[in-house]
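Hi there,

Here is the structure I promised to pass on to you. Please have a look at it first, and then read on for what turned up.

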Amino acid sequence: MRTPSSPGEAGRAEGPAVRIGALVPLTRPGWVEAGRHLLAGLELAVREVNDSGGIAGSPLELVVRDTAADPEKAAAAVDELARLGVAAVAGEYHSVVARAAAARADALGLPYLCSSAVIDALTEQPTDQVARIAPAQSHGWRVYADFLLGAGHRRIAVAADPSVYWVSGTRILRDHLAPRGGTVLELDMRALTPEAVCDALVDHRATALLLLVGHPDPAVPLVKAVRHDRRLDDVLIGAPAGQPEFNEWAAALGDDGAAIPFLRYRPESFGPLGTRVETVLRQRLGEAPSFVAFEGYDTVVVLADLLRTQGAGAAASWAGVVVEGTRGQIRFSRTPGISAWQWAWAPVHVVDRDPADPARFRGLHAG
């Protein structure tokens with residue numbers, strides 16, 4: 001097993017650069033804050049790889065492309081990056097965008113390591129070109145469903161937008177909850193106002209509402225409507241996709257954004273590597289790093305190991321990777337139902353923001 005070197009352990013790399021393409025949402029309608037954190041993790045790891053000698057004496061270089069949450073833009077970026085001769089492609093946060101990037105990278109025979117997107121069907125068919133370090137949606141969202149059941153929730157409503165990511169999430173929840181006595185009511189946000197959602201929650205006696213929608217709209221007005229409807233004081237609001245992880249959420253909602261459980265892909269406490277990286281990322285970002293920043297860092301750690309041991313231009317062999325990342329030992333396997341090579345699994349926790357101190361996260365359930 002290989003562990004990332006600390007900066008200063010070896011001389012700085014000076015040979016011809018080994019380039020990695022980085023796909024990141026940096027403009028709207030992409031989640032810009034997630035993109036900023038992802039890029040911070042990628043850049044920090046590249047700097048540390050280079051400070052420790054690079055790849056056989058050659059420095060790593062990130063070639064960053066903004067996806068803006070647009071699948072077509074991401075696919076075109078992969079084409080461009082391939083023409084530029086990158087050794088691999090990394091990154092992306094949005095699942096529908098990562099799917100487009102993965103399909104194009106697979107078609108071009110270009111290794112792609114997905115950092116944050118969780119949708120199970122990252123590619124239509126099994127492939128050796130694509131791997132992922134984020135947990136698959138079916139794994140994380142089952143953990144979330146178990147949390148709901150453990151908290152006594154059986155009548156679940158989902159306010160959902162029509163996308164393949166939200167549809168797959170709804171299916172995972174229903175399939176896991178139904179055999180255990182749970183029901184899932186779908187509320188189509190194309191047709192309902194926040195006030196109409198509140199009425200539907202009352203009519204169906206739902207005890208929990210899950211936000212399977214975009215941010216800030218319609219998530220923010222929907223949370224405000226439910227929070228201020230006295231009929232719904234006992235209804236839990238949940239956001240399994242992780243929107244409350246980011247400070248943008250807290251800034252938009254204040255106290256209304258607390259006590260909304262979500263999935264977080266990091267341990268409750270870090271080891272030495274994670275602790276060091278957390279400190280540096282906090283300095284670079286000017287705020288606490290999200291789990292997405294650690295996904296970015298770990299992505300480069302994996303690719304650096306792959307390039308050192310197999311060489312740029314070689315066919316990716318994800319099965320040979322065993323490295324220590326910020327959130328645990330990373331190795332890849334073929335996981336049933338998952339088309340890409342998968343790290344099974346990064347730590348999965350259900351947490352929320354503490355109503356007494358929204359800057360503090362409370363652990364509620366471990367997967």
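Let me start at the surface: Ala-56 has a relative accessible area of 80%, so this residue counts as exposed. Please keep in mind throughout that this is a predicted model. Ala-56 sits in the loop between α1 (32–51) and β2 (60–66). Its phi is near 50 degrees, which is a positive value in a residue other than glycine.

Ala-259 also has a positive phi, here near 55 degrees, and again the residue is not a glycine. You will find Ala-259 in the loop between α8 (247–253) and β10 (262–264). With a relative accessible area of 25%, Ala-259 is partly exposed.

While we are on the backbone, there are two cis peptide bonds to look at. One runs from Asp-217 to Pro-218, with omega near 5 degrees. Pro-218 belongs to the loop between β8 (208–212) and α7 (219–227). Another joins Ala-344 and Trp-345, where omega is about 0 degrees. Trp-345 is in the loop between β13 (341–343) and β14 (349–354).

Now to the interior. Nonpolar side chains in soluble globular proteins tend to be buried together. Here, the largest nonpolar core has 99 residues, and those with the most contacts inside it are Leu-60, Tyr-112, Val-302, Trp-318 and Phe-332. Helix α10 (residues 291–310) gives the largest share of this core, with 12 residues. A second core, separate from that one, has 25 residues, among them Ala-159, Cys-198, Leu-201 and Leu-209.

What does Trp-318 touch beyond its neighbours within four places in sequence? Its contacts include Tyr-112, Val-302 and Phe-332, as well as Asp-128, Gln-129, Val-130 and Trp-341.

Arg-132 is worth a click too. This arginine is found in strand β5 (residues 130–132), and its relative accessibility is 0%, so it counts as buried. Outside its neighbours within four places in sequence, Arg-132 is in contact with residues including Cys-114, Asp-120, Phe-332, Trp-341 and Trp-343. Arg-132 and Ser-339 are 207 residues apart in sequence, while their C-alpha atoms are 10 Å apart in space.

For another long stretch of chain, take Ala-77 in helix α2 (residues 71–83). Ala-77 and Arg-334 are 257 residues apart along the chain, and 27 Å separates their C-alpha atoms. Ala-77 is buried, with a relative accessible area of 7%. Leaving aside neighbours within four places in sequence, Ala-77 is in contact with Leu-23 and Arg-65.

Next, the aromatic rings. The count comes to nine aromatic pairs. In one of them, Trp-141 and Tyr-165, the ring centres are 5.9 Å apart and the planes are at 75 degrees; an angle over 60 degrees counts as edge-to-face, so this pair is edge-to-face. Trp-141 lies in helix α4 (residues 137–150) and Tyr-165 in helix α5 (residues 164–177), so the pair ties together parts that are 24 residues apart in sequence. Both of these residues, Trp-141 and Tyr-165, are buried.

There is also an aromatic cluster formed by Trp-31, Tyr-93 and Phe-246. Elsewhere among the rings, Arg-264 lies over the face of Phe-361, at 4.1 Å from the ring centre.

Finally, the pocket, in case you want to set up a grid of your own. The largest pocket holds about 550 Å³ of space. Which of the 23 lining residues are closest to its centre? They are Tyr-93, His-94, Ser-95, Tyr-165 and Trp-166. Tyr-93 is the member of the aromatic cluster mentioned above, and Tyr-165 is the partner of Trp-141 in the edge-to-face pair. Both α3 (95–108) and α5 supply at least two residues each to the lining of this pocket.

His-94 itself is in the loop between β3 (88–91) and α3. Is His-94 buried or exposed? Its relative accessible area is 17%, which is under the 20% limit, so His-94 is buried. Not counting residues up to four places away in sequence, His-94 touches Pro-25, Gly-30, Trp-31, Ala-69 and Ala-117. Trp-31 thus appears both here and in the aromatic cluster with Tyr-93 and Phe-246.

Enjoy exploring, and best wishes!

Methods: Residues numbered from 1 in each chain as written. Predicted model: local features only at pLDDT ≥ 70, side-chain atom pairs only at ≥ 80, totals over all residues. Heavy atoms only, no water. Core = buried A, V, L, I, M, F, W, Y, C linked by side-chain atoms within 4.5 Å. Buried < 20%, exposed > 50% of the residue type's maximum accessible area, 1.4 Å probe, protein only. Helix = DSSP H or I, 4+ residues; strand = E, 2+ residues; numbered from the N terminus. Contact = heavy atoms within 4.5 Å. Phe/Tyr/Trp six-rings, centres within 6.5 Å; stacked < 30°, edge-to-face > 60°. Lys NZ or Arg CZ within 6 Å of the ring centre and 35° of its normal. 1 Å grid on protein atoms, 1.4 Å probe; cavity = no way out; pocket = protein on both sides within 12 Å on 5 of 7 lines; lining within 4 Å. Points joined across faces, edges and corners; volume = space filled by probe spheres on them.
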